[in-house]
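Welcome, and thanks for taking a look at this protein. Please have the sequence and the 3D view open side by side while you read.

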Amino acid sequence: LLIMPAETVHRQLLWILPKNLLHRVLLWVQFRFAVLLQLIIILPLWPVPIPSPCSNREYEAAMSAAIRRAQDAGITIMAFGDLFLEDVRHYRETQLASTGITPLFPLWGLPTKELAAHMIRSGLRARLTCIDPKQIAASFAGREFDDSLLADLPPDADPCGERGEFHTFAYAGPMFRHPIPIEQGQIVTRDGFVFADLLPSI
C-alpha cells in the first residue's frame, strides 16, 4: 500500500505479478481477474510485472522501478502486510532506506490466530490458491479461508500462511466494492507446489 501526504489523500495498491504468465496472475489465478480487480477493489492498482521464475536480482530491479515511480508520484509511506518474519521486514526496510519513503508494518506482531479469525469475522472471503505440500496437505488447495479451514490446519501451520504454507485469492470483503464472482478451476502440481486455479463465473 502506497500513501501520499495527507494534503493529497491519495493511495495506491502495489501489485506484483508474473509478466510472462499473463493467463495466470497473483499466484497463478486467471489473468482476467486483473480487469475485475481494477474495477472492484477500492484502491487503484499499480501492477509490478516480474518474470517467472524470478531471481532476486530481477525482483529487486522491478521493485526499484516501482519505488522510483512512487517517489516521482510523491508517495511518502509504503505499508506492508508482514506479520513476524524479521528477515523479511529487515529486507524491506533496507530497500527503502534513503528513498524518502517510510516503511509501515501495521499488522506487525499481531497474534496470527486472532488476526485470521478477525479477518473472517470482518467479512473477508478468500480461497487458497497455492499450497506448499511440504507444510500442509495438498487437499487444502482450493478451500475457502474460513473457520473450518483454520480448525483443520496442522498445529505447526501459521493460520495466516506467513511461512509460505499457503497463499490466497481474496474475492470479497470490506476492501471491495462488491464481490468477485468465482468458480473452481483445475488443481495442478507444479514446481513442488499445488495450485488451485480460479475462474470468473461471469
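Leaving aside its neighbours within four places in sequence, which residues is Ile 67 in contact with? They are Met 78, Gln 95, Leu 96, Thr 99 and Ile 101, where contact means heavy atoms within 4.5 Å. Before going further, a word on the model: it is predicted, so local features need pLDDT of at least 70 and side-chain atom pairs count only at pLDDT 80 or more, while totals for chains, interfaces and linings use all residues. Residues are numbered from 1 along each chain as its sequence is written, and side-chain values use heavy atoms, with hydrogens and water left out.

## The overall picture

The protein has 5 helices and 11 strands. These are DSSP runs numbered from the N terminus, with helices being H or I runs of at least four residues and strands being E runs of at least two. Of its 202 residues, 43% count as buried. Here buried means under 20% relative accessible area, exposed means over 50%, and partly exposed is in between, using a 1.4 Å probe and protein chains only. Take the contacts between residues at least 6 apart in sequence: 64% of them join residues at least 24 apart.

## Where α2 meets α3

Let us return to Ile 67, which is found in helix α2. Ile 67 is buried, with a relative accessible area of 6%. The C-alpha atoms of Ile 67 and Met 78 are separated by 9.2 Å, and the two residues are 11 apart along the chain.

Helix α2 covers residues 56–72 and helix α3 covers residues 86–96; their axes come within 11 Å and cross at roughly 50°. The axes are lines fitted to C-alpha atoms, for helices over the stretch in contact, and angles run from 0 to 180 degrees between N-to-C directions. That crossing angle makes α2 oblique to α3. In this scheme, angles under 35 degrees count as roughly parallel, over 145 as roughly antiparallel, 65 to 115 as roughly perpendicular and the rest as oblique.

The crossing of α2 and α3 is right-handed, a term used if the near helix is turned clockwise from the far one by less than a right angle. From α2, the contact is made by Tyr 59, Glu 60, Met 63 and Ile 67, and from α3 by Tyr 91, Arg 92, Gln 95 and Leu 96. Sorted by class, the contact of α2 with α3 has 5 nonpolar, 1 polar and 2 charged residues. Ala, Val, Leu, Ile, Met, Phe, Trp, Tyr, Cys and Pro count as nonpolar, Asp, Glu, Lys and Arg as charged, and the others, Gly among them, as polar.

Arg 92 is worth a look too. This residue of helix α3 is buried, with a relative accessible area of 17%. Leaving aside neighbours within four places in sequence, Arg 92 is in contact with Tyr 59, Phe 80, Asp 82 and Phe 105.

## Helix α4 and its surroundings

Which residues of helix α4 (residues 112–121) are buried? They are Thr 112, Leu 115, Ala 116, Ala 117 and Ile 120. The buried residues of α4 pack against α5 (147–152). Just after α4, Gly 123 takes a positive phi of about 105°.

Thr 112 counts as buried at 11% relative accessibility. Leaving aside neighbours within four places in sequence, Thr 112 is in contact with Leu 83, Phe 84, Asp 158, Pro 159 and Cys 160. Thr 112 and Asp 158 are 46 residues apart in sequence, yet 7.1 Å apart in space, C-alpha to C-alpha.

## Two loop residues with positive phi

Most residues other than glycine have a negative phi. Here are two with a positive value.

| Residue | Phi | Loop | Relative accessibility |
|---|---|---|---|
| Ser 98 | near 70° | between α3 and β7 (102–104) | 83%, exposed |
| Asp 191 | about 55° | between β10 (182–190) and β11 | 68%, exposed |

## Cysteines and a strand residue

How many disulfides are there? The count comes to 0, a disulfide being a pair of cysteine sulfur atoms within 2.5 Å. Cys 54 counts as partly exposed at 30% relative accessibility, whereas Cys 160 counts as buried at 18%.

Finally, Pro 200 is found in strand β11 (residues 193–200) and is buried, with a relative accessible area of 11%. Pro 200 and Pro 181 are 19 residues apart along the chain, and their C-alpha atoms are separated by 5.7 Å.
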